[in-house]
Each structure stands twice: as C-alpha cells, then as structure tokens.
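Take a moment to turn the model around on your screen and let your eye follow one chain at a time. Then read on, and keep the view open as you go.

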Amino acid sequence: MRIQNFWNGIPEQIRRLSIVLLIIVLLFIFIRPLFIPDDFGKYGHFRATAVDEIVALEKKYAGQEICFDCHDDIMELKYEGYHKNVACEICHGPGTAHAEDPEEDQLDAPTGRGYCTLCHEYLPSRPTGFPQIVSASHNPMEPCISCHDPHDPDPPEIPRECNACHAQIARTKALSHHLNISCTFCHQAPEEHKTNPREVLPSKPKSREFCGQCHSSTISDKKGIPKIDLITHEPRYVCWQCHYPHLPEAR
Amino acid sequence: MKNEKIQKIKDKRKKEKVTRRNFVRTFLFTFASLLTPPIVLAEEKIKKTRAWILGENYNPYEHHWGMGIDINKCIGCGRCADACKKENVVPDEPFFFRTWVERYRIYDGNQTVIDSPNGAINGFKDQDQENRNLTRSFFVPKICNQCENPPCVQVCPVGATFITPDGVVLVDDEYCIGCRYCIQACPYGARYLHPETKAADKCTFCYHRISQDLLPACVEVCPTQARIFGEVKKKASPLVRFLRMNKVRVLKPDLNTEPKVFYANLDMEVK
Amino acid sequence: MQEIVEHLTPLLSEITGYIYPNEIELHWGLLVVIYPYLTGLVAGAFILASLVKVFNVREVQPTYRISLLTALAFLIVAPLPLLAHLGHPDKSFEIFLTPNMSSAMAMFGFVYAWYLMAVLLLEIWFDYRQDLITWSREKQGFKKWMYRILSLFSTDTSEDALRFDRKASKIITVIGIPSAFLLHGYVGFIFGSIKANPWWSSVLMPIVFLFSAIVSGISLVLLIYMIITPLRGKELDMGCLDKIASYMFYAMIVDFSLEALDFIHRIYESEESIKILGEMVSGKLFTSLIVVQLLIGMIIPLIAITFIKLFRQTPPELRRLIYFVSAILVQVGIFSTRWNVVIGGQLFSKSFSGLTVYKMTFLGLEGLLVSIGLLVLPFLILYVLFLMLPPWMEKIKS
C-alpha cells in the first residue's frame, strides 16, 4: 500500500522513464556476462587463452644446439673457427622441419657470392676491424666457398694489406694529405694480428714528438708540410685529440 | 526531587552508553564480516594466479625478460629481420615489420641520413655519398621495446593487448577490434596492422620460443651477438652481465615508457 | 591483403627523409576525420540550444528545437565512421563487454551512451512530450501509434505535469552543458593524451576541440535555420540571426585565441619535434592549415562579421548574405581543422626525420564516396526528424 502510494506520488513522466531505464539496466546486467569470454580477467585484463594460443604457435628455427645431435663433426669444426657464433640456420635456413624429419626436409645452403656479402661486403658503416671485402675486386666471379670453408672460413692467404679489414680507414686516408704514409709508419702490427686480430693489437703512437718528426718547426726539410712549434702549440693535448690522423684537418 | 532528576539523567546516560556500545559493536562486527570474505578470496586468487602454467612447464611469474643491443657489434647484415619474418610468418611486403635495422650516416656539419631498405631484410648496399665526409656511421636494430609501462596497453579499449607477468607485451588477435589506437600510441613505430587478420601485430619476443627454453629468432641468428636476450632481474643471465658491463640507454626515456630493450653505445642521433 | 599492398606500394616513392618502416600506412584516415567533426557539431548545436533554456536568450528561441534535432541527427550518425573504420566492426561490442578502464576510447563509449540517453533524448522527450500527446490524439493509424510509443504512453497534460516538464528540461540542460563539454572534450583527450605524438599531445587539445566544436555547431544551426525557413515560406527572424551570428563570432574569437596560443607556445618552447613539424606545416599541410583553416575558415569570417558589428546600418539582405557565406566558410574551416589534427599527426614520422603522404581513395569503405555519404546521412535523418517531430509549433515555451 505504501509502495503503491509512493509510486503514484512520483510524476508520471518519471514513472515511465524509470521503467525504460530499468529495462536497459537489466538488459545490460544480464546480457553482458553471456558474451564475455570465460577466461577473461583471470590473470589480468585479457583473455587468458590467448597466451596459450601464442605459446602453441609453430616454431621454424630450431636453434644451434639441436644441429649438434647429428652434425657434431661440423659443429666441432665450426666451434674452433671465426664462424663460431654464426648460427647454422643463418645460412641453412630455418631447421625445425628438418630436425623433425631429416630425410623429408633437406636444408640447402647458398653457394653464390650474393649471400656471404650480406655480412662481408665493405660498408663504411660496419665496425672497424670486421672482415670486409670489396666484392667487385675480390676474386670476381669466383664463388666464396671455393676458397673459404664456411664452417672454418680461414682466408687461404693471410691478408697482405691492412685495408683488407680496415677498408673504411684506408679509403678515408686515401683522400687525405696522409695518403702516401703507409699504415705501418704509425702502427706496428705483429704478424699475429692478421690471424688473431682482437687479441693482438697494433701499436699506436704515444707522444707529440712522433707527429713532430714531420710537423715540428724545428725540422728544416720536408717543405710544404704544415709546421708548428711543438712547445707552444696547444701543449695540453696530444696531436690526435684534435687532428684525425687519417684525415688531418689542419685548417 | 533533585535525586530523582539526577537518577533519571544517570539512567538516560547509561542507556545511551549501552545503545552506543551496541551500535559500535554491531558496526564493527558488520564491517569485519563484510571484509573478511573478500580478503580471503583475494588471497586465494593471488595464490591461484601465481600458479599459471603455460605449455609444458613454464610459469610466467618466474621470469622477466629483456633484451640488450650493442651498437658497436651490429654489422647490419639484416639476418635478424629476415629470420623474424620467417619465424613469425610476417607478410613479406615492406610495410610490416616486427623488427628492422636502421643505418645512420652522420656527415660533417651534423647532417644525418637514415635509411632502412625493406627493413634491412636483404642487408644494405653501399651508396656513394658524393664528396661528403662521414663522421660517424653505424647500424641500429629496432624492435618492440616491451615497455614495462606500455602506452599501447594503456590505450587498448578492449583488453586485446596486455603485458604478461614475465614482461612481454602480447596481442590477442582474436579479440582485437582493429581500432589502431595502440599503433598510434606506440612511440617507437613497433606496431602495425596485420593485413590478413586485421588485428594489431608486433614483436612478441618470440613468446612461443622463450616459453620453451629457446631464444627469439632474431637473437638466435645474430652472427656477432649484437643482440643479447635474458632475464632482467636477479638471475645469472647474459642480459644481467650486459647491464653491468655497459653504459646503457633506452629509446625516448623522456616518455617514461620504461623500455626493456637496452642499447649500449647508442648515439644521440638515434630517436 | 592485395588491396593494401597495392595501396601502399606507390607511397614508397613519396616519402621524404626517413620514417619507421611500419609508419608508411596512415592508420586513421578520412573516416576518423569525420568522426570528431560530427561529434563537434553535436556539442555545438546543443550548446546553442542550452543558451535558450539556461541563459534565457529569447532571441534564439526559434532555433531551439532545430538545434536539438540537429544534435540528435548527427549524434546518431557519429559512431558510423568509427564502425566503418575498425578492422573488426563485428567485434565492436567488446568495448561494452570488457572496457579497459585506462583507455580513453573505451570510456568514450559510455560518455556517448550517457550523452545520447541521459541528456539528448531526455531533453527532446521532455520538450516534445506535450506535443507528442496532442499529436497522438489528433493523428490516425500508424502515426497515432508512433506518437503514443514515443511519448511512452504518457497521457498527463495537467498544469503540474507541464510545469514538471519545464523544470526537468531546465535541469537536464544544466547537466547537459558539461556533458556536451565532456562529449567533445573527450574526443580531444583521445588525441591529446597520446604522448608518443607531439602534434597531438597537448593539454590544450580538449579545449581547442571543444571551442571549434561550439563554433561549428552554432554555424550549422545557423545554416539550417537560414535554409529551412525560406523553404517553409516563412520570414527569417533577423534578431535571431544576429544573435546566433554574435555567439558564433564570440566563440570564434576564443577558438582563434586558443589556436594562436597553441601555435605560439609550440614555437616558443621549440621542443625536439619543432623542426619536422615546421617542415610539415610549411610543406604538406600548408594549404589545409594556413590557407583553408586559418585564412578561409577563420580570418575571413571574423573580418566579415566584425564589419557587420562595426557598421550597424548594414541592410538585412547584406547581413544575411554575409552570415550565410561565413557559416559555410566556418564549416569548411572546422572540417579542415579536424583534418589537420588527425591527418597532420600522422604525416610526420616519430623518428622526427621524415614525412609520408596520405592518399585518399575514392571507392572502398575508407574512400571519399562513403565519407560523403556519411556527411549527407545526418541531413536525411534530420529531414525525417523534421517530419516526425516538427520543430516549429506556434506554441512558444518560456
């Protein structure tokens, strides 16, 4: 009775509107849970099954370790050489299918010159010391593998020139005033540097007097070379703190 | 008379005390009984969720993944970008990349040229840059930074992209509605709309591999170990050593996305 | 897939500088430009209507119902470009199932629903209720039932009930003004909260969006009033027109000031992105920003209406012409504003080193044809609304 009085006391508009509102709210409350996926929100605001679906995706690359199971001889050979950290699948492609059924799915490897140059073509942006060649002049037309075993890629001859690996520096120097100075004038490199470059490093000049051999104003000959007074010219620094020796900017 | 009045007042005060006591007691009791079930249930839930097992035996709560990239080691061969496309079946066209490599050439006068031909899937070619002098030049691999405070997760309207307990940001491509808000929100350009599923897509750190003791494809094939993958916290992992031995930077630190991809020897020109 | 590849391949040669490889596809195109344009018109039209109810600006009374119906027509169409643009419109209901509370876009679904139901529909219902009852008694057949249903079977036309209607209407309008602000300010927030994009990321973005919305909404109602009234064979109320144009003028001044402030602030602070943004504004965005948005859409209408305000003896015919042309220019200008925000924000790369292009298609769901259709559709709906709920009853409520 009281409820009925209460209800009748509300203006007619509000009565009608509140019924509409009630219907909408009830719809929302009851329809919504029907459509939400069951596992939504279990571990966070997402569908938990989605992670399982992602984990179950097919793998294409097998990983170096698996190759060892059958190809241990090659792996041991590779382990000793420069390509120790070059994964088998870089050259041989994704290997999971082959690992699961070796006969069915054979892997091949690139034999032309186009693939090795992806890493070894000379690019000025590559770090100094990384072995690079200019393929146009390095035994053109010969497949790389005819001289270099990809599993143990020792060069058949020890590089004669520094620019075999330090092409960027060599090119820069070739455009500079120092073009006729050989690398070995400033850097003494033991023979072992050519076979074990990262362990055995070439030397570098240590004092201003080294550059002073040509550039000191006390030297009377060697005309045409810019001369400075070793004592008064910026005594605080060594020469190469301002002047890049491979491209000296004297101006 | 006075005694009666005093007695009346005393009685009244006693009654008030009793009713007040009753009230406080009832209130505390109701409060406690209402709070206890949720607290107990919450504890149960936390215990249950920490026991999430994926695949064979992988509990994401026990790991936290990140990546380290050493710019001094990258040779720009592009094997990583190529392997990623193969492993994750990303469309071949030059518009969709989960990871790519950029080349920076900084010339005299601080003029920088950046390029990434087809994301470096086929490596880089040397182009003669007339007579300019190269001051610095290097390669920078780019990838989803798997941010700890991901702006992409923040803006997804439906919960289709999320961060897992092991720190990997994933996309549920069956739930994604393709609104592209996450793609707009990513400061690193790491996301794209997959042309076939019409859902957002991005690098997953090869979640299907790392949850089974393998490395992501890009790390697997990197010939110079420019990419290091491992745990960010506590455990002995290559990444922890990387973070100890190098001065590291992240991309766009001012946006406070807390990336988990750390760059060593990163140059100021890299945005 | 083929479609996308064909669409994107020619763009490769049009890139300048360096963009991240994934950025070549411009994700939010014409459809997403139309969406804030439409919601802006809604907010603006409602604000004009609220001037009558809350601020008792009697002069614009003739446009009160027109404003409300215009807002409704455009609000109905507003979600359509969004739906068309989604990768999976079939899953769009997920926003209501599992909204991510931290996402502005998810929360917008609820803001929209609130505005539509709790503000606009209620306001229209209360305003029309008496008329709906009258029409349900006068008409026959299908129309009779339509009006009965629309009035929610209400029958009370007593003085008390009518007084309640008026009071309710006023309360709803008072709630409606901040709701309208919220509706379109929210769209501004959706863009303004993206820290990754320096063209969008700004505290001012919701405010700028709001005021340009008010400008566009008022000018739209002005246009509709100026077109509909002669079509009905009635006289244009010059007092009403002058007042509407005044409000449009004041709103334009505020809008212009805000945009100028944003511009000056950006140049003064000169942050990292200033170089590439400057390149974009002086290059790819020059026509749409400087020429269309600024000159045609803002400066020329401002000068024209200032002229009218200064010279009070301008004949009504000239004033009508200037108002009409200004309103059209304003519409073009505000559309261009939306274009510059949405498309402009995606033309430059987040590497700050390059620019890309936007190629609009003609056919297809994201094409020009569909967009023109979406812009025309609200007028068709408005026509139907004018038939169903004629806004020009001779009873003027105070």
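This report looks at two chains, then at the contact between them, and ends with one lysine.

A first thing to know is that you are looking at a predicted model.

**Chain A**

What kinds of element build chain A? Chain A has 11 helices and zero strands. Its radius of gyration is 36 Å, well over the 18 Å that the globule rule gives for 251 residues, so chain A is more spread out than a compact globule. You can check this by eye against the span of its C-alpha trace, about 125 × 65 × 30 Å along the principal axes.

Burial can be followed here too. Of the 251 residues of chain A, 25% count as buried. For a small example, go to helix H9 of chain A, which covers residues 167-174. The buried residues of this helix are A:Ala167, A:Thr172 and A:Lys173. Helix H10 (183-186) of chain A is part of what covers them.

**Chain B**

Now move to chain B, where you can find seven helices and 11 strands. A compact globule of 271 residues would have a radius of gyration near 18 Å, while chain B has 29 Å. The C-alpha trace of chain B spans about 120 × 45 × 40 Å along its principal axes. Of its 271 residues, 55% count as buried.

**The two chains side by side**

The table sets out some values for each chain.

| Property | Chain A | Chain B |
|---|---|---|
| Exposed area | about 17200 Å² | about 13200 Å² |
| Share of exposed area from carbon and sulfur atoms | 61% | 55% |
| Contacts joining residues at least 24 apart, among those at least 6 apart in sequence | 46% | 61% |
| Distance between the centres of positive and negative charges | 16 Å | 15 Å |

The charges behind the last row are worth a look. Chain A carries 25 positive and 34 negative side chains. In chain B there are 43 positive and 32 negative charges.

**Where chain A meets chain B**

How many residues does each chain bring to the contact? Chain A gives 42 residues and chain B gives 52 residues. The size of an interface is often given as the accessible area lost when the parts come together. For this pair, chain A and chain B bury about 3800 Å² between them, and 63% of that is on carbon and sulfur atoms. On the side of chain A, look for A:Tyr43, A:Tyr61 and A:Ser125. These residues supply 18% of the area that chain A buries against chain B, more than any other three residues.

**A lysine in chain C**

For the last stop, find C:Lys195. This residue lies in the loop between helix H8 (159-192) and helix H9 (205-231) of chain C. Is C:Lys195 buried, partly exposed or exposed? Its relative accessibility is 30%, so C:Lys195 counts as partly exposed. The cut-offs explain this, because buried means under 20% and exposed means over 50%.

Which residues does C:Lys195 touch, leaving out those up to four places away in sequence? In chain B, they are B:Asn149, B:Pro151, B:Leu255, B:Asn256 and B:Thr257. In chain C, C:Lys195 touches C:Ser201. To get a feeling for distance, pick out C:Phe362 as well: C:Lys195 and C:Phe362 are 167 residues apart in sequence and 32 Å apart in space, C-alpha to C-alpha.

Conventions
Residues are numbered from 1 along each chain as its sequence is written. Chains are lettered from A and ligands numbered from 1 in the order in which they are written. This is a predicted model: local features need pLDDT of at least 70, side-chain atom pairs count only at pLDDT 80 or more; totals for chains, interfaces and linings use all residues. Side-chain values use heavy atoms; hydrogens and water are left out. Helices (H or I, at least four residues) and strands (E, at least two) are DSSP runs, numbered from the N terminus. The radius of gyration is taken over C-alpha atoms; the globule rule is 2.2 Å times the number of residues to the power 0.38. Buried means under 20% relative accessible area, exposed over 50%, partly exposed in between (1.4 Å probe, protein chains only). Contact means heavy atoms within 4.5 Å. Accessible areas come from the Shrake-Rupley method with a 1.4 Å probe; for residues, only the protein chains shown count as cover. Lys and Arg count as positive and Asp and Glu as negative; His and the chain ends are not counted. The place of a charge is taken as NZ of Lys, CZ of Arg, CG of Asp or CD of Glu. Buried area is the accessible area (1.4 Å probe) that two parts lose on being put together, summed over both.
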